[in-house]
Amino acid sequence: MDAVAGASVSSSSARLRPCPRPRRTGHRAPPRAVTCAAATDADVVGLFDAAKLTVDRFVESGMVVGLGSGPASGLAIQYLGTRLRRGSLTGILGIPSSTISASEAEKAGIQVSSYEEGTQIDFAFTDADIIEEDTMTAVIGRRKTESGEPSFMVEKGIVKSADKLAFIIGHEKYVKGIEGSIPVLVKSANWIDTAEEIDDLFLGDAEVWRRPSIGTAGPLGGDFPLVTKEGHHVLDVIFTTPIPDLGKVAESLEKIAGVVDHGIVSSIP
């Protein structure tokens, strides 16, 4: 690993502080730098300072930059556009992770290109729904999307492809133990069999709900379940107690027939 650092940001000043190193996994992977830019409070001012620090510290002219999704990423995209208009950055190509980030990039005047598997990305930033402090394992995909939008697969692909990665988060999302929803993308055909297998896997520890496209609904997702651009459903696997090992949860989900992907970003080198 080149470096692991955290940015602790307040509304009036910014400073860099060390973050704990993630535990090593058994396989080797190309070295990357991973940071978390965290606001000391989650208000817009604090997140903008974190977003600004992320762009100023890590984005250089000529880079291919993965443009994340979420409130903080939106602020970073706006500020990146400001730097481009001022001429202090040039030659940036943005790779949006969602319809919203693509729209924000267009408004900011950032040249963009669609993500494809194998795309070389110099640096990426994104929001994380939550990050496990000791392992730097993150969860993405809890953000509400509409039917027909791309799933979090694109965002995850960008995150995993980037040479350097920054999560921009509020301080309260950097925690010791993660609980709550793990989004799981499943094939729409026979989705209920997949959901039942996941439910059996985590029996007593989690509930499995199909995500609706509008409003709230019961475990089956109501009359209008969410269907992603790829034609998949999203299951929210809701853990009611802290998850002891997110990496093992990811491995278990990947072995289930019908699971396309999940929102756990682990084994970041």
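In the predicted model, residue N190 is located in the loop that connects strand 12 (180–187) with helix 5 (191–201). Its backbone is notable in that N190 is not a glycine and yet has a positive phi of about 60 degrees. Most residues other than glycine have a negative phi. With a relative accessibility of 57%, N190 counts as exposed, because the cut-off for that class is over 50%.

A second residue of this kind is M136, which is likewise not a glycine and has a positive phi of about 60 degrees. M136 belongs to the loop between strand 8 (130–132) and strand 9 (138–139). The relative accessible area of M136 is 3%, and this residue is therefore buried, the limit being under 20%. The two loop residues thus fall into opposite classes of accessibility: M136 is buried, whereas N190 is exposed.

A positive phi is also found directly after helix 3, where G109 follows the helix with a phi near 80 degrees. Helix 3 itself spans residues 99–108, and its buried residues are S101, A105 and A108. Viewed down the helix axis, these buried residues fall within an arc of 65 degrees, so they line one face of helix 3. E106 and K107 lie on the other side of the helix and are exposed. The buried residues of helix 3 are covered by several elements, including strand 4, helix 2 (71–86), strand 5 (93–96) and strand 6 (111–112).

Strand 4, one of the elements covering the buried residues of helix 3, also takes part in strand pairing. This strand comprises residues 64–67 and runs parallel to strand 7, to which it is joined by three bridges. Within this pairing, V65 has F123 of strand 7 as its bridge partner.

Strand 7 extends over residues 121–126 and is mostly covered, with five of its six residues buried. In addition to its bridges with strand 4, strand 7 pairs with strand 10 (residues 162–170) through five bridges, again in the parallel sense. In this second pairing, I121 stands opposite A162 of strand 10. Strand 7 is thus bridged in parallel both to strand 4 and to strand 10.

How values were computed:
Residues numbered from 1 in each chain as written. Predicted model: local features only at pLDDT ≥ 70, side-chain atom pairs only at ≥ 80, totals over all residues. Heavy atoms only, no water. Buried < 20%, exposed > 50% of the residue type's maximum accessible area, 1.4 Å probe, protein only. Helix = DSSP H or I, 4+ residues; strand = E, 2+ residues; numbered from the N terminus. Pairing = 2+ DSSP bridges. Arc of directions from axis to C-beta. Contact = heavy atoms within 4.5 Å.
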